[in-house]
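Good morning, colleagues. I should like to take a few minutes to go through one model with you.

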Amino acid sequence: MDGTLITSKVITNLIIRKFQESDLKSIIEILQINNQLTHPDVDGPEAMIRVSKNTSSVFLIAEINGKVVGSVRGVYDGSRALIHQITVHPDWQKQGIGSELIKDITREFKNLGAPSVSVTAGKGDQWDSIEFFKKLGFTDMPIKLMVNFNIDELIEK
Ligand SMILES: CC(C)(COP(=O)(O)OP(=O)(O)OC[C@H]1O[C@@H](n2cnc3c(N)ncnc32)[C@H](O)[C@@H]1OP(=O)(O)O)[C@@H](O)C(=O)NCCC(=O)NCCS
């Protein structure tokens, strides 16, 4: 299925398709520009390849005239669908590409049986996705994402 065309959009020849390993360099570049690659062990190239091979994951690429301009990825575990990461190259932001990526990953989740979609939205020094997700119809939940980047500490405690 890798590389299969899912949809073709009218917005400046936008194509949204499945991730291929040849997309790695472009996606890494976009994540670095957007300051989203703060934990390469979690989100770096090896992780992207694992995600693309994981049958519970959906990993989509936005491409315009053969150039990778963004991506979105998430997971559906049979109960909840969760979008973990979305990125659009700064040169292409605010032109509807992020919205199309969310629409297409949602369609994929629905086809897998998901009744809802959640996102890990946030605000950092150089990015803020809260308003973007609100505009698309996501609402706040009284929960907070917590993480321990030292997985061994949790096991050894
Ligand atoms: C957030 C992001 C994915 C949005 O993608 P995009 O292609 O720019 O989004 P769209 O053009 O589809 O925007 C849809 C709407 O949200 C608004 N919007 C987009 N990003 C916004 C932001 N950061 N703050 C406020 N509003 C925003 C757009 O203006 C548009 O509003 P409109 O419908 O009134 O015109 C993109 O800006 C991005 O990659 N940002 C940096 C990384 C990031 O924050 N990722 C999310 C955290 S994982």
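I shall speak about the surroundings of the ligand and then about two residues in loops. Please bear in mind throughout that this is a predicted model.

Let us begin with the ligand. Its shell consists of 18 residues, and the closest of them are Lys94, Gly96, Gly98, Ser99 and Asp128. Sorted by class, this shell contains nine polar, five nonpolar and four charged residues. Three elements each contribute at least two residues to the shell: strand E5 (81-88), helix H4 (97-112) and helix H5 (130-135).

Which polar atoms of the protein lie opposite those of the ligand? On the backbone, a polar atom of Val88 is 2.8 Å from an oxygen atom of the ligand, and a polar atom of Asp128 is 2.8 Å from a ligand nitrogen. From a side chain, an N or O atom of Gln36 lies 3.1 Å from a nitrogen atom of the ligand. On its own the ligand has 890 Å² of accessible area, and the protein covers 76% of that.

I turn now to the backbone. Most residues other than glycine have a negative phi. Asn35, which is not a glycine, nevertheless has a positive phi of about 60 degrees. Asn35 sits in the loop that runs between helix H1 (24-33) and helix H2 (40-43).

Lys94 also has a positive phi of about 60 degrees without being a glycine, and its place is the loop between E5 and H4.

Are these two residues buried or exposed? Asn35 counts as partly exposed because its relative accessibility is 30%, whereas Lys94, with a relative accessible area of 86%, is exposed.

Thank you for your attention.

Methods
Residues are numbered from 1 along each chain as its sequence is written. This is a predicted model: local features need pLDDT of at least 70, side-chain atom pairs count only at pLDDT 80 or more; totals for chains, interfaces and linings use all residues. Side-chain values use heavy atoms; hydrogens and water are left out. A residue is near a molecule or strand if one of its heavy atoms lies within 4 Å of it. A polar contact is a pair of N or O atoms within 3.5 Å; within protein, one must be able to donate a hydrogen and the other to accept it, and residues adjacent in sequence count only if both atoms are side-chain atoms. Accessible areas come from the Shrake-Rupley method with a 1.4 Å probe; for residues, only the protein chains shown count as cover. Helices (H or I, at least four residues) and strands (E, at least two) are DSSP runs, numbered from the N terminus. Ala, Val, Leu, Ile, Met, Phe, Trp, Tyr, Cys and Pro count as nonpolar, Asp, Glu, Lys and Arg as charged, and the others, Gly among them, as polar. Buried means under 20% relative accessible area, exposed over 50%, partly exposed in between (1.4 Å probe, protein chains only).
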